[in-house]
Amino acid sequence: MALPRKGSRRIVVDGVTYRWTVRGRPTYDQGLCWSPLTFAVEHADSPGTTLVVRTGRPHPGNWMGQPTEPVLPSAVADAIRTARRKGWTPEAPGSPFLLDQARA
């Protein structure tokens with residue numbers, strides 16, 4: 001599934017352009033801090049497999065008032081590089097590639 005263009009941001013990592021987004025409203029589990037913030041990344045020109053990055057922090061819109069930090073472009077770039085080293089091929093079709101950074 002391709003990311004919507006509206007609301008996604010472009011980032012260039014090692015000469016390749018990607019688009020990434022954070023869900024604007026938390027899911028029910030994210031709102032209650034039962035599951036962490038995630039963001040999604042895909043190749044900008046030929047989207048195939050989506051990278052889903054699971055962070056170890058709460059969603060900024062959580063309902064419990066837990067402190068959080070924004071997802072910075074530098075963190076997105078690091079996640080992309082890590083996923084590429086672990087075998088993510090963004091141009092190829094397939095199921096979403098999960099990168100769990102909550103344990104890092």
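T21 sits in strand 2, and with a relative accessible area of 18% it counts as buried, because the cut-off for that label is under 20%. Leaving aside residues up to four places away in sequence, T21 touches L3, G7, S8, F39 and A40. Keep in mind that this is a predicted model. The rest of the briefing goes from strand 2 to the core, then helix 2, the salt bridges and the surface.

**Strand 2, next door to T21**

- W20 is also found in strand 2, and its relative accessible area of 5% makes it buried.
- W20 has a long contact list: L3, S8, R9, R10, I11, A40, V41, V71, P73 and V76, again not counting residues up to four places away in sequence.
- L3, S8 and A40 are among the residues touched by W20, and L3, S8 and A40 are also among those touched by T21.
- For a sense of distance, W20 and G56 are 36 residues apart in sequence, and their C-alpha atoms are 18 Å apart in space.
- R19 is another buried residue, with a relative accessible area of 5%; R19 comes back below in the salt bridges.

**The nonpolar core**

- As a general rule, nonpolar side chains in soluble globular proteins tend to be buried together.
- Here, the largest nonpolar core has 17 residues, and I11, V41, L51, V76 and I80 are the ones with the most contacts inside it.
- Who supplies this core? Strand 1 (9-13), strand 2 (16-22), strand 3 (38-43), strand 4 and helix 2 each bring at least two residues.
- Helix 2 gives the largest share of this core, namely five residues.
- V41 is a good place to start clicking around: V41 touches L3, Y18, R19, W20, T49, T50, L51, V76, I80 and W88, with residues up to four places away in sequence left out.
- Among those neighbours of V41 are L51, V76 and I80, which are also on the list of residues with the most contacts inside the core.

**Helix 2**

- Helix 2 has 13 residues and spans 18 Å from first C-alpha to last, close to the 18 Å expected at 1.5 Å a residue.
- Which residues of helix 2 are buried? They are V76, A77, A79, I80, T82 and A83.
- The buried residues of helix 2 pack against strand 1, strand 2, strand 3, strand 4 and strand 5 (97-100).
- After helix 2 comes G87, which has a positive phi near 110°.

**Salt bridges**

- The count comes to four salt bridges.
- E42 pairs with R19, the closest N and O atoms being 2.5 Å apart; E42 is in strand 3 and R19 in strand 2, so to speak a link between distant parts of the chain, 23 residues apart.
- Is E42 buried or exposed? At 0% relative accessibility, E42 is buried, and its partner R19 is buried as well at 5%.
- D100 pairs with R54, with closest N and O atoms 3.2 Å apart; because D100 lies in strand 5 and R54 in strand 4, the pair ties together parts that are 46 residues apart in sequence.
- D100 is partly exposed at a relative accessible area of 23%, and R54 is partly exposed at 29%.
- D14 and R81 meet through their side chains in a salt bridge of 3.4 Å, N to O; D14 is in the loop between strand 1 and strand 2 while R81 is in helix 2, which puts the two 67 residues apart.
- D14 is exposed, with a relative accessible area of 62%, whereas R81 is partly exposed at 32%.
- D14 and R81 aren't on their own: together with D78 they are linked in a network of salt bridges.

**A nonpolar patch on the surface**

- Y28, W34, W63 and M64 make a nonpolar surface patch of about 560 Å².
- Where is W63? W63 is in the loop between strand 4 (51-54) and helix 2 (73-85).
- W63 has a relative accessible area of 49%, so it counts as partly exposed, since exposed starts over 50%.
- That value still lets W63 join the patch, because patch residues need over 30% relative accessible area.

Notes: Residues numbered from 1 in each chain as written. Predicted model: local features only at pLDDT ≥ 70, side-chain atom pairs only at ≥ 80, totals over all residues. Heavy atoms only, no water. Patch = residues over 30% accessible without salt bridge, like charges linked within 9 Å, V, L, I, M, F, W, Y side chains within 5 Å. Areas by Shrake-Rupley, 256 points an atom, 1.4 Å probe, with all protein chains shown as cover. Helix = DSSP H or I, 4+ residues; strand = E, 2+ residues; numbered from the N terminus. Buried < 20%, exposed > 50% of the residue type's maximum accessible area, 1.4 Å probe, protein only. Core = buried A, V, L, I, M, F, W, Y, C linked by side-chain atoms within 4.5 Å. Contact = heavy atoms within 4.5 Å. Expected span 1.5 Å × (residues − 1).
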